[in-house]
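I opened the file to note what holds the chains together and how some of the helices cross. Entries follow in the order in which I looked things up.

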Amino acid sequence: MKRFIASRLLQAVPLLFGMSLVSFFIIQLAPGDYFSQLKLNPEISTQTIQAMERSFGLDKPPVIQYFYWLKNICTFNLGESFAYHVPVWFLIRSKLVNTVALSLFSLFLTWLIAIPLGIAAARREGTWQERLISFFAYVGISLPSFFIAMLMVFFAAKTLILPVGGTTSLFGPEIGFWAHFGDYLRHLLLPGLALTLAGFGSLVRLMKNNFLEFLSSPFVVTARAKGLPERTVLYKHVLRNAINPMITLFGYELSGILSGAALVEVVTNWPGMGRLILDAVMAQDLYLVMASLLIGGALLIIGNLVADILLAVVDPRIRLRT
Amino acid sequence: MRHFLRRLRRTHRPAFAALWILVALYGAAFLADCIAPYPYDLQNRAYSLCPPTPVRFRETGGGLHLRPFVYRVELENPALNTYRTDRTTIHPVRLFVTGPTRKLLGIIPSQRYLFGTDDTAPIFLFGTDMNGRDIFSRIIYGSRISLSIGILGVSISFLLGLLIGGISGYFGGRTDTILMRTVEIVMTFPAFYLLLALRATFPTNLSSVQIYLLITVILSFIGWASLARIIRGMVLSLKEEEYVLAARSLGLSRLRIIIRHILPNTLSYTVTALTLSVPGYILGESGLSLIGLGIQEPFPSWGNMLAVTIGNLRILTTAPWMLLPGFFIFLTIISFNFLGDGLRDVMDPSGKTG
């Protein structure tokens with residue numbers, strides 16, 4: 001297992017390298033740069049600009065600049081944001097917490113809803129309940145996440161049930177940790193529900209199809225013929241097999257944690273990575289953009305790895321090979 | 001083709017209905033100059049955020065009319081954005097009215113419109129936006145961009161994906177390794193971030209046509225990778241078939257074998273995948289336009305029409321009809337999804353999906 005993880009992580013290195021190279025030169029292609037804007041700003045002295053240029057290696061050609069950046073990355077120094085004059089990591093950290101909280105919340109909720117619904121639909125194949133579930137799954141797949149978010153913002157603003165935007169209400173520190181936590185959750189609910197509604201449809205369909213596929217397989221007939229109770233047949237035999245492809249999917253979903261929520265974040269005014277990277281790209285904040293892309297790519301690789309490991313844990317037929 | 005349609009209707013009714021919805025939507029986009037009662041950039045300052053005009057058959061006094069009519073509305077309170085209905089006179093809605101000349105598809109001058117009222121009582125089927133522009137007209141005009149970008153973008157990335165996937169699968173070896181590593185790198189990027197980064201490499205002040213083409217190219221650039229990988233897998237198994245061996249022993253060139261013999265056999269899969277991937281492009285365009293990086297005002301697209309509602313709760317609550325473009329995005333996407341599923345069932349009856 002350890003060897004497997006190590007070799008997979010090693011394989012990820014060239015991938016990350018290629019990714020960083022591509023993203024660096026994409027940003028280089030952009031017309032103008034943040035520095036030329038800074039130089040035009042009369043409030044900033046030429047000495048400051050020269051000092052910045054030296055420290056980032058910006059007076060050197062782009063290829064050298066890339067290696068400057070790479071050297072820093074290897075020491076976990078993601079560089080400094082040009083626009084905010086603070087370390088990139090400092091900026092990303094606070095937004096990352098919000099985005100990860102939002103994505104994990106909706107991921108958890110989506111799976112909690114979708115798996116039982118998928119099973120229910122498969123068991124009642126052909127009835128009106130199944131058609132209703134399938135119909136809602138279809139609608140969920142086809143509704144754009146940002147549009148769901150807009151509709152929810154509309155209803156929240158009309159009915160004032162849920163707060164819109166931000167992560168906290170205006171409270172002093174005196175209300176205590178748990179009250180703050182509850183407040184945060186209340187703010188999380190709207191973007192979280194929007195993401196859940198946008199994501200549960202495809203999961204329901206997949207779960208239903210997997211379940212149906214195994215429901216008619218020979219080993220299920222055997223299990224029934226042995227006289228096993230229906231519960232055991234369904235949840236020990238069918239579900240154990242049907243869940244495997246979903247585990248792989250779970251890994252992929254983990255990897256989409258960063259960018260999946262971006263538009264919903266912008267629409268619901270949730271202060272996460274989506275807004276940050278949008279502004280960074282607009283301002284050509286080189287290191288901020290690259291760090292975000294890199295973290296996104298790293299998450300994808302980790303997500304795939306987690307999926308492989310989970311699958312091996314759940315399905316004993318699979319041996320991890322390096 | 002007719003046989004195919006009949007089979008689709010028999011086996012998959014929703015897909016058949018979806019096909020007609022799409023035909024209607026694309027037809028409306030094509031004939032936008034005739035269907036939209038007003039130009040997309042015509043501003044009526046007196047009708048800012050005017051609610052949808054109800055089309056009536058029954059007069060307030062009780063008189064019933066066969067011809068639908070509208071009442072004239074007037075801005076009553078600009079602060080609260082309320083409108084007063086003037087019920088004294090009725091203004092009939094007429095079909096095929098004449099109006100100011102517009103160029104049909106930019107070429108044929110035409111004065112006929114599908115429907116309209118007299119100028120004193122304008123008809124806003126879906127209400128107006130802040131500048132008093134008719135939302136119905138803008139949705140019809142905007143569909144040109146939102147709908148065509150799906151088809152165009154899919155075509156480009158399918159050509160790229162087919163070619164690269166085909167080459168990679170057929171030649172194998174080092175070519176395969178290099179191409180597939182490239183594919184993996186493109187796929188590792190979070191799609192939305194890559195979209196943003198690529199968009200940022202171009203200046204923001206491009207002309208609308210340039211932006212349109214740019215978005216299409218960027219979306220295709222992101223979309224080809226996954227397709228190339230799937231095609232490669234199919235080619236890998238197809239190239240061992242005997243007809244490929246026959247073609248090779250006949251001395252055909254390798255490119256010819258790929259294009260004429262192998263790729264057509266991936267067709268049934270590709271047509272389905274093509275249909276099912278159109279929504280991604282439509283979503284990409286509307287997402288970019290939504291955050292202000294796509295199609296720019298005054299040109300409408302379904303995405304940028306929704307943009308004003310972001311972070312503006314007052315507009316959102318007083319004028320919820322501003323959200324209507326979103327329903328059209330939804331309608332288009334669900335139609336493509338239904339159609340794609342139907343096509344898959346018809347083309348490959350073995351792989352049953354629910």
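**Contact between the chains**

I began with the contact between chain A and chain B, which takes 46 residues from chain A and 36 residues from chain B. The model is a predicted one. I then listed the elements of chain A that give two or more residues to the side touching chain B: helix 1 (2-29), helix 6 (128-142), helix 7 (145-159), helix 8 (177-215), helix 11 (262-268), helix 12 (273-283) and helix 13 (286-314). Sorted by class, this side of chain A has 32 nonpolar, 11 polar and 3 charged residues.

**Helix 6 of chain A against helix 13 of chain B**

Next I took one helix pair across the two chains. The axes of helix 6 of chain A and helix 13 (residues 324-347) of chain B come within 9 Å and cross at roughly 120°. That angle is over the 115 degrees where roughly perpendicular ends and not over 145, so the two helices are oblique to each other. I noted the crossing as right-handed. From helix 6 of chain A, the residues in the contact are A:Tyr138, A:Ile141 and A:Ser142; they meet B:Phe330, B:Ile333, B:Ile334 and B:Asn337 of helix 13 of chain B. By class I have 5 nonpolar, 2 polar and no charged residues in this contact.

**Nonpolar core**

Which residues touch the most other members of the largest nonpolar core? I found A:Val289 and B:Ala197, in a core of 140 residues. Helix 4 (residues 135-171) of chain B gives the most to this core, with 13 residues. I looked up A:Val289 further: leaving aside neighbours within four places in sequence, A:Val289 is in contact with A:Ile27, A:Ile277, A:Ala280, A:Val281 and B:Ala197.

**Helix 4 against helix 10, chain B**

I followed helix 4 of chain B to helix 10 (residues 267-290) of chain B, where the axes come within 8 Å and cross at roughly 125°. The pair is therefore oblique, and the crossing is right-handed. Among the contact residues I noted B:Ser146, B:Gly150 and B:Phe158 of helix 4, and B:Thr270, B:Tyr281 and B:Glu285 of helix 10. The residues of this contact divide into 8 nonpolar, 6 polar and 1 charged.

**Chain A overall**

Last, I checked chain A as a whole. I counted 13 helices and 0 strands. Of the 322 residues of chain A, 33% count as buried. Among contacts in chain A between residues at least 6 apart in sequence, I have 74% joining residues at least 24 apart.

Notes:
Residues are numbered from 1 along each chain as its sequence is written. Chains are lettered from A and ligands numbered from 1 in the order in which they are written. This is a predicted model: local features need pLDDT of at least 70, side-chain atom pairs count only at pLDDT 80 or more; totals for chains, interfaces and linings use all residues. A nonpolar core is a set of buried Ala, Val, Leu, Ile, Met, Phe, Trp, Tyr and Cys residues joined through C-beta atoms within 7 Å. A residue is buried if 20 or more other C-beta atoms lie within 10 Å of its own, exposed if 12 or fewer, and partly exposed in between; C-beta atoms are placed from the backbone. Helices (H or I, at least four residues) and strands (E, at least two) are DSSP runs, numbered from the N terminus. Two residues are in contact if their C-beta atoms, placed from the backbone, lie within 7 Å. Ala, Val, Leu, Ile, Met, Phe, Trp, Tyr, Cys and Pro count as nonpolar, Asp, Glu, Lys and Arg as charged, and the others, Gly among them, as polar. Axes are lines fitted to C-alpha atoms, for helices over the stretch in contact, and angles run from 0 to 180 degrees between N-to-C directions. Angles under 35 degrees count as roughly parallel, over 145 as roughly antiparallel, 65 to 115 as roughly perpendicular and the rest as oblique. A crossing is left-handed if the near helix is turned anticlockwise from the far one by less than a right angle, and right-handed if clockwise.
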